[in-house]
Amino acid sequence: MMQIETLIVGAGLAGLRALHALREAGIDAKVLEASDEIGGVWNHNRYPGARCDVESYDYSYSFSKELEQEWRWTERYPTQPEILRYINHVADRFDLRRDVVLNARVTEAFYDEAAAHWVVRTQDGQTWQTRFLMLCLGQLSAPKLPDYPGQSSFEGQVVVSAEWPKGGVDYAGKRVAIIGTGSSGMQMTPIIAPEAAHLTVFQRTANYSVPAANAPLTEEEDREVKANYAVRRALMRNSPTGLGFKPEKIATLDVPEAEREQAFERAYQRLGFGFALTYPDILLNAEANKVASAFLHRKIGERIKDPKTRDKLIPRTHHFGTRRPSVDSGYFEAFNRDNVTLADVKKFPILEFTETGIRTAEAYHEFDIIIFATGFDALTGSLLKPAIHGRRGTLLKDKWAQGPLTHLGVATADFPNLLIVAGPGSPSVLSNVMVSIEEQVDWFVALLAGMKSRGEVEIEATEQAEQDWTAHVQERALETLYMTADSFYNGGEVAGKPRVFMPYSGGIRSYRRLLETCAAEGYSGFALRKTPAAAQDAGVQQDA
Ligand code: N01
C-alpha cells in the first residue's frame, strides 16, 4: 500500500494547481489521473472547434508572475490544443509530472474512522492510504449519452464530443449527424459543415449564443495585459463571475430604450458570455430578461436566411442565461449552407437508430458518422462515479440521492478529510472556473497547513452547517430566474436526477468572503479534531 499525506484525484487544471500549491506549502501530495495524459476536460474534449469562452488571459493561473509573463496566448479565446499546451507547459515548468500517476482510475475510497485516513483503490489494483482526499474531478466531465432504441445497432462511426479520439475523425465528404446544440454542438457545427458531404444537426432545445469576437492577440495587446496583469486579476476576483467586469448599477428597464440598445450592442459585439452582465437584473427579473432576450432573438434571426430554420433556431422556451448560453463562431450562419439541415427533435422526436441512420417522427436520415454532443451529468456525475464510503460505510451516492449536501461546497458531513474542488455548492460552473479553482485550492492549502501545525488530524463539516449552506444555495437561486428552466445547473434535464440548484449563484466575490470568514472564525461549520471522532466515541463508551 502506498502512503501519501494528500491524494488528489484528477490531473486537470484544478488537480495540478492543487499539487503545486500543496508542494509549496510543504505538504506531500500525489495526483491520480485516470487518463494516459494530463489536462482533464481539455485532454478529452478534442472535438473540432473546441475553444474556451473565457478570455485566454483570464483562463490561466495567477499563482506565478513569471508564468504570466512568459506564456504567450495567441488568440483572445484559446483553442483546446492551446490550452492543453499551456497545461503541459505548466506541468513541465513546475516539475509536476513526477507526482502524477497516470492510468490510475479511482474506483473506490473508504474512510478508516479509527485511523483518520482514506484508503483509495484504483482500477488497476493500486491501493493508497492518505490523510486527505482531494477531489478535482471536474464539473462537466462525466459524459451523458442518450439511450435510443437500436442505438448500438448503428454500423457507422459513433463519436462522443467529450471523448473525441486523439487521432481525430475523418468527416470530410461524409454524412454526419450532430446530436445536441449546447456549446460543444454549436462550436463544432461551423467547422464540420464545410467539409462534410451533409451535416444534420439534431436540436432538442434552441440555445442562446453570442458571437465570440475572437481575434489573434497582437504584441501590443499582450504587452498591455502583461504590464497590468495584477490589476486585471484583482478585477476578476472582485467581479461577480470572475470574468473581470461588473454590470452597470442600473436596472434594465430604468434605462431609456435607445441607450439600452446601444449598451446591448456594445456588450454583444465584445463581451461574449458577459452579455448577461450588461445590467445587474437580467438574470433576476423576468421583464428585464425579456428585453435582453428580445435583443438576442433579433440578432440570432439576422444571422439565418431561411425563415423556417430561423424560427426553429431562435430560443423562445427559456429566459436567456437560465441555461448555459454559448459563445459561437459562425454557428447560425452554418445553417445558410445547402449541405446543413436542422432536425427539430422536440417536434419530431428521434424514434430509433438503425444500422444506417436515425429515424425521427418526420424523416429517415442515413449517416456515416453520428456525433453525440449531449453534455454531461453535471457537477455530481464525476464525484459519484467512484464508490466513496464515509463514516459507518455511508456511500456518498446514497447520501446525495436527493441532491448534493455540502458546507460551502467544499466538504460534506460523514466524509471527514474529503475535500471537493469546484463542485456543487460553490460558484463552479457559474464562474470563470479558473478563479474558483484558485480561490478554493488556496483556502484548502491554508487549512491543511494550519491543521498540520496545530496537530489536527480530522476536519468534518457539521450536519447543521451543510443543511444551512444547502438551503442558502437554494435561496440564492430562487432570487434569480435560474429555476424557471430545466438545465444542467439544476439537474432538471436528466431523467431521475433530483431537481435542485447545484452551483452557488451568489457570486465569486461574496463566496470568497464567506470562505475567508469561515477560516477567520476558526473554520465555523466544521469540526476540527486532534483525535479522530471514532476514537473519541470509543473513549466515551469506555469511560461510561
Ligand atoms: O453540453 P450541454 P455541451 N436527444 O449540456 C442535447 C462547457 N463547455 O457539451 O437542451 C437530443 O450544454 C441537449 O438538449 P436539451 C460549458 O459550460 C465549455 O454542449 O437538454 N438532444 C443540449 O442541446 C457548456 O455549457 C466550452 O434539450 C439531447 C445538448 O445535448 C458545457 O460544457 C465548450 C439529448 C447538450 O448540451 C456543456 O456543453 C464546450 C437527447 N437525448 C463545453 N440529450 C467552452 O467554451 C441531450 N441533448 C469553455
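This passage walks through the domains, a pocket between them, the cavities, one buried glutamine and one strand with its two neighbours. The structure is a predicted model, in which local features need pLDDT of at least 70 and side-chain atom pairs count only at pLDDT 80 or more, while totals for chains, interfaces and linings use all residues. Residues are numbered from 1 along each chain as its sequence is written, and side-chain values use heavy atoms, with hydrogens and water left out.

Start with the overall layout. The chain is split into domain 1 (2-38 + 96-142 + 378-474 + 506-543) and domain 2 (151-372), with bounds that come from an automatic or database domain assignment. Taken over C-alpha atoms, the centres of the two domains sit 34 Å apart. Where they meet, eleven residues of domain 1 are in contact with nine residues of domain 2 (contact means heavy atoms within 4.5 Å).

Now for the empty space. The search ran on a 1 Å grid over the protein atoms alone: a cavity is a set of points where a 1.4 Å probe fits but cannot get out, a pocket is an open set with protein on both sides within 12 Å along at least five of seven lines, and lining residues have an atom within 4 Å of a point. Grid points are joined across faces, edges and corners, and a volume is the space filled by probe spheres set on the points.

The second largest pocket holds about 830 Å³. Of its 35 lining residues, Pro240, Thr241, Leu277, Ser505 and Gly507 come closest to the centre. Both domains give residues to this lining, so the pocket lies between them. Helix α16 (residues 508-520) provides the largest share, three residues; helices (H or I, at least four residues) and strands (E, at least two) are DSSP runs, numbered from the N terminus. By class, the lining has 19 nonpolar, eleven polar and five charged residues. Here Ala, Val, Leu, Ile, Met, Phe, Trp, Tyr, Cys and Pro count as nonpolar, Asp, Glu, Lys and Arg as charged, and the others, Gly among them, as polar.

As for cavities, there are six of 30 Å³ or more. The largest has about 80 Å³ of space, and its lining includes Pro404, Trp469, Phe501 and Met502. That lining has eight nonpolar, four polar and no charged residues. The second largest cavity comes to about 60 Å³. Among its 14 lining residues, Ala411, Leu418, Leu419, Ile459 and Phe526 are the closest to the centre. Two or more residues each come from β18 (418-420), α14 (433-454) and β19 (458-461).

Helix α14 is also home to Gln440. At 1% relative accessibility, Gln440 counts as buried (buried means under 20% relative accessible area, exposed over 50%, partly exposed in between, with a 1.4 Å probe and protein chains only). Leaving aside residues up to four places away in sequence, Gln440 touches a set that includes Leu408, Ile420, Ser426 and Tyr511.

Finally, take strand β5 (residues 117-122): five of its six residues are buried, so the strand is largely enclosed by the rest of the structure. Strand β4 (residues 106-112) pairs with β5 in the antiparallel sense over six bridges, where two strands pair if DSSP finds at least two bridges between them. One bridge links Glu108 to Arg121 in β5. The β4 and β5 hairpin has four residues between the strands, and Ala116 takes a positive phi near 55°. β5 also pairs with strand β6 (residues 127-135), again in the antiparallel sense, over four bridges, and Val120 stands opposite Trp128 in β6. In the β5 and β6 hairpin, with four residues between the strands, Gly125 takes a positive phi near 90°.
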